[in-house]
Amino acid sequence: MPTFIPQLQPTITRCSATTPNVTVNTPTHVQSFPTPCPGAPTHGTVPLNDTENAHILYNALTDDLYPIGLSTISVARQLELDTIVLATPVHVHTPTTHIGLIHGVVVGQPMSALDTVLTLQALLHQPIHTAVYGQLTPRLRELVRRAFLERNLDARSSAAITWDSYVSGRSPSNGLTGCDLLLGCTEIWGIERVSLGGYSVVHLA
């Protein structure tokens, strides 16, 4: 099953297409998130090494493909996403930050944009173990904490208590979720099959 590995790196620098070493901590306690309907990547699309459109965000057959809300993805959009082949690991970016990598079932094997999006969808409401949070870089931990508090603005007084309970190891049922790992970004605003850095990117906002 595909896996999402959270990590933090500014997108103004060239983020590595491989697992980072010194500059980014990769958790050893990795949670896997199955895609609801996995399938082999679709062949016959524009090759990944096509440089003519290398720095252009993929435009689907219809102009209204984006944004794609992760909560609900229509069948029509799923069919379009299934025709886009991405290189792995797929980089996940917010408007300012690289926040993680999605690895396929087999290392180095391409995966469809549909499987990539469904992985993010499965992650969205997935409870996150404190062991995963504890192994994030300090900067990413702070951003994730802010995302959690922002998501729970309606319960300001209890949000801080819930957070303290979570980080203490009691893991309340309403604690950290995948939405917080994605820094509250729940819509896809672009997909690059081949970015300037030579890797595939999903852009969230």
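Two strands pair if DSSP finds at least two bridges between them. Helices (H or I, at least four residues) and strands (E, at least two) are DSSP runs, numbered from the N terminus. With that settled, β4 and β5 form a hairpin with 3 residues between them, and I will come back to that hairpin shortly.

First, the ground rules. This is a predicted model, in which local features need pLDDT of at least 70 and side-chain atom pairs count only at pLDDT 80 or more, while totals for chains, interfaces and linings use all residues. Residues are numbered from 1 along each chain as its sequence is written, and side-chain values use heavy atoms, with hydrogens and water left out.

On confidence: pLDDT is the predictor's confidence in each residue, from 0 to 100. The protein averages a pLDDT of 76, and 70% of the residues score at least 70. Over residues 16-63 the pLDDT is below 50, and beyond near neighbours in sequence this stretch has 98 contacts in the model, a contact being heavy atoms within 4.5 Å.

Now the overall layout. The protein has 6 helices and 8 strands, and along the sequence the pattern reads β-β-α-β-β-β-β-α-α-α-α-α-β-β. Among contacts with a separation of 6 or more, 74% are between residues 24 or more positions apart. Of the 205 residues, 46% are buried; buried means under 20% relative accessible area, exposed over 50%, and partly exposed in between (1.4 Å probe, protein chains only).

Back to the strands. β4 covers residues 90-93, and both of its faces are covered: V90 and V92 are buried on one side, H91 and H93 on the other. What does β4 pair with? One partner is β5, residues 97-103, which runs antiparallel to β4 and is joined to it by 4 bridges. Within that pairing, H91 has L101 as its bridge partner. Another partner is β8, residues 201-204, which is parallel to β4 and joined by 3 bridges. There, H93 stands opposite H203.

Just ahead of β8 is S200, in the loop that follows β7 (187-192). Is S200 buried or exposed? S200 is buried, at a relative accessible area of 0%. Its side chain reaches the backbone nitrogen of A87 at 2.8 Å.

Last, the charged pairs. A salt bridge is a side-chain nitrogen of Lys or Arg within 4 Å of a carboxyl oxygen of Asp or Glu, and the structure holds 3 of them. In helix α4, residues 138-151, R145 and E142 lie 3 residues apart, about one turn, and their side chains meet at 2.9 Å, N to O. E142 also meets R146, at 3.0 Å, N to O; those two are 4 residues apart in α4, again about one helical turn. As for cover, R145 is partly exposed at 27%, E142 is partly exposed at 24%, and R146 is partly exposed at 45%.

The remaining pair is R151 with D180, at 2.8 Å, N to O. R151 lies in α4 and D180 in α6 (residues 178-181), so this salt bridge ties together parts that are 29 residues apart in sequence. R151 is partly exposed, with a relative accessible area of 36%, whereas D180 is buried at 0%. Returning to α4, salt bridges that share partners join E142, R145 and R146 into one network.

Notes
A polar contact is a pair of N or O atoms within 3.5 Å; within protein, one must be able to donate a hydrogen and the other to accept it, and residues adjacent in sequence count only if both atoms are side-chain atoms.
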